[in-house]
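Reader: I've got a protein model open and I'd like to learn how to read it. Can we go through it together?

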Amino acid sequence: MAMAAATGGVDVLGDDLLREILLRLPSPAALVSAALAGRSFLRAARDAGFLRRFRARHHASPPRLLGFLFVVPGTTPPVLLSAASASGPHPAGDFSLSFLPGGGWASAEWELLDCRDGLLLLIHNHGTDMKLAVADPSRRACYPFDLPTADIPVLYGLAAAKSASFRVVCIARSLDSTTLRALVLSSDEPYYWEEVDAIPCEEEASIVYAARPMKAKTSLYWKLDDGTRMAAFDAAPGKMKLSILDLPPFPATLAFDVIDTEDDDDGLRVLAMSDDFCLETWKLSSAATAAAVDDDEEEETPWTLEDTSVRFYRALESMLGERKMSDRHRRRRRGGYEFEIVGVVDGFFFFRQSGVLLSIDLKTMELTRLSEQDCSPATIYPYTMAWPPPFLNPTD
């Protein structure tokens, strides 16, 4: 009876007024919850014009974790493991990538370079016939384009991604190895690479080809091979700035990821797990970031150790076993990859230890095991999307 009365009250409002109320909800997740409250809410929330207004109002909404994409070297198609924290059903789409040119992933030599906001950045390695492509598994769509040709491409990343709209960044090295160039390809223009920035670099500087990109706000980051620096590119419209940043004063072999902050002016943060299994949060001030992109600035970049967590060694040892933990330390000293950071999404720190996928809730510091089987051979990417597929209807 009470529910019927409440529904009747909503019906009196009318769809137009109800949409104005829904428009002021704080996030896409809140809109999904509200849409499930009743037929009137669902009808109002599914209106194409309303969704356009809501997306425009919440264009910077943080991505939602939908699952993890497991990629094994070779012709075995990728597999998506749905995230326990993701609301709603298993994400729909062709994650085996059978729609790729050349007979799909299983029939051609494709390699995944980046995964962001529901889109995948791929490279096709087939002798001299090398191509790049952005793939959308939810739509079974593929957008191929050529590699840059003037310089030597070394780093790639997706700077912006939303359905058929995307920007791809390539960091290329000049043929004489004295200059790093930032090139951007946008789907909003005909597919061509535009050079947007260039900085000098040391001839002996070692840059890992196709290093895995990290992203915080509008910037992409790639760890350099010396372990003490990273390349940074701010892809915000009107900025398009390339720089080299010193890393915090932790060991060069330490794995880390960059994380977002709620305040745009609060500076960059790096999250790392130390050798004694403590999470460390390092902060770089905005002023220091600005100084780092100044070619005439040679002062050491100031980092501050902002927070250190409890040690997780005992909890991991109990969860994985003492033998596996011992193997981790032995292999790490030999330069292995027994420990690997998968990503930081939705307030969770995801990592792989001894072939097991795990997470740490950054608020409660609760450790959770996410996989039962050994996933050592796979490269794991968080599969995120700021807007659920129903919000991205191609007819909107």
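Reader: Let's start with β3 and β4: how many bridges pair these strands, and in which sense?
Author: Keep in mind that this is a predicted model. Strand β3 covers residues 110-116 and β4 covers residues 119-124. They pair in the antiparallel sense, and the number of bridges is six.

Reader: Which residue in β4 is the bridge partner of W110?
Author: W110 belongs to β3, which spans residues 110-116. Look across to β4, and the bridge partner of W110 there is H124.

Reader: What phi does D117 take in the hairpin of β3 and β4?
Author: This hairpin has two residues between its strands. D117 takes a positive phi there, near 50°.

Reader: And how many residues of β3 are buried?
Author: Buried here means under 20% relative accessible area. Strand β3 is mostly covered. Out of its seven residues, the buried ones number six.

Reader: Moving on, which strands stand at the edges of the sheet β2-β1-β23?
Author: That sheet is open, with three strands and antiparallel pairing. A strand at the edge has a single partner, so one of its sides is left without a neighbour in the sheet. That is the situation for β2 (79-82) and β23 (379-385).

Reader: What does the twist average from one strand to the next in that sheet?
Author: We're still with the open sheet in the order β2-β1-β23. Going from one strand to the next, the twist averages 30°.

Reader: Which residue in β2 is the bridge partner of F68?
Author: F68 falls in strand β1, residues 64-71. β1 and β2 run antiparallel and are joined by four bridges. In β2, F68 has as its bridge partner L81.

Reader: Now the sheet of four strands: which are its edge strands?
Author: This one is open too, in the order β11-β12-β13-β14, with antiparallel pairing. An edge strand here pairs on one side only. The two that do so are β11 (214-216) and β14.

Reader: By how much are neighbouring strands of this sheet turned against each other on average?
Author: We're looking at the sheet β11-β12-β13-β14. With direction ignored, the average turn between its neighbouring strands is 25°.

Reader: Which residue in β13 is the bridge partner of S219?
Author: Strand β12 (residues 219-223) pairs with strand β13 (residues 229-234) in the antiparallel sense, over five bridges. S219 has its bridge partner in β13, and that residue is D234.

Reader: Is D234 buried or exposed?
Author: D234 has its place in strand β13. Its relative accessible area is 16%. The cut-off for this class is under 20%, so D234 counts as buried.

Reader: With which side chain does the side chain of D234 make a polar contact?
Author: The side chain of D234 reaches the backbone nitrogen of A236 at 3.0 Å, but that is a backbone atom. For a side-chain partner, look 2.8 Å away, where the polar contact is with T218.

Reader: Which residues of helix α6 are buried, and why do they count as being on the same side?
Author: Helix α6 runs over residues 313-320. Its buried residues cover an arc of only 100° around the axis, which puts them on the same side of α6. The face turned away from that buried side carries the exposed residues R314 and S318. The buried ones are Y313, L316, E317 and L320.

Reader: Which residue follows α6, and what is its phi?
Author: Step just past the end of α6 and you meet G321. Its phi is positive, near 105°.

Reader: How many aromatic pairs does the structure hold?
Author: One of them joins F250 and F256, a tilted pair at 5.9 Å centre to centre with 35° between the planes. Both of those residues are buried. For the structure, the count of aromatic pairs is 13.

Reader: How many residues apart are F250 and W282?
Author: These two form an edge-to-face pair, 6.2 Å centre to centre with 80° between the planes. F250 sits in the loop between β14 (241-246) and β15 (256-259), while W282 is in strand β17 (residues 278-284). The pair links distant parts of the chain, and the separation in residues is 32.

Notes: Residues are numbered from 1 along each chain as its sequence is written. This is a predicted model: local features need pLDDT of at least 70, side-chain atom pairs count only at pLDDT 80 or more; totals for chains, interfaces and linings use all residues. Side-chain values use heavy atoms; hydrogens and water are left out. Rings of Phe, Tyr and Trp (its six-membered ring) pair if their centres lie within 6.5 Å; planes under 30 degrees apart count as stacked, over 60 as edge-to-face and the rest as tilted. Buried means under 20% relative accessible area, exposed over 50%, partly exposed in between (1.4 Å probe, protein chains only). Two strands pair if DSSP finds at least two bridges between them. Axes are lines fitted to C-alpha atoms, for helices over the stretch in contact, and angles run from 0 to 180 degrees between N-to-C directions. The arc is that of the directions from the helix axis to the C-beta atoms. A polar contact is a pair of N or O atoms within 3.5 Å; within protein, one must be able to donate a hydrogen and the other to accept it, and residues adjacent in sequence count only if both atoms are side-chain atoms.
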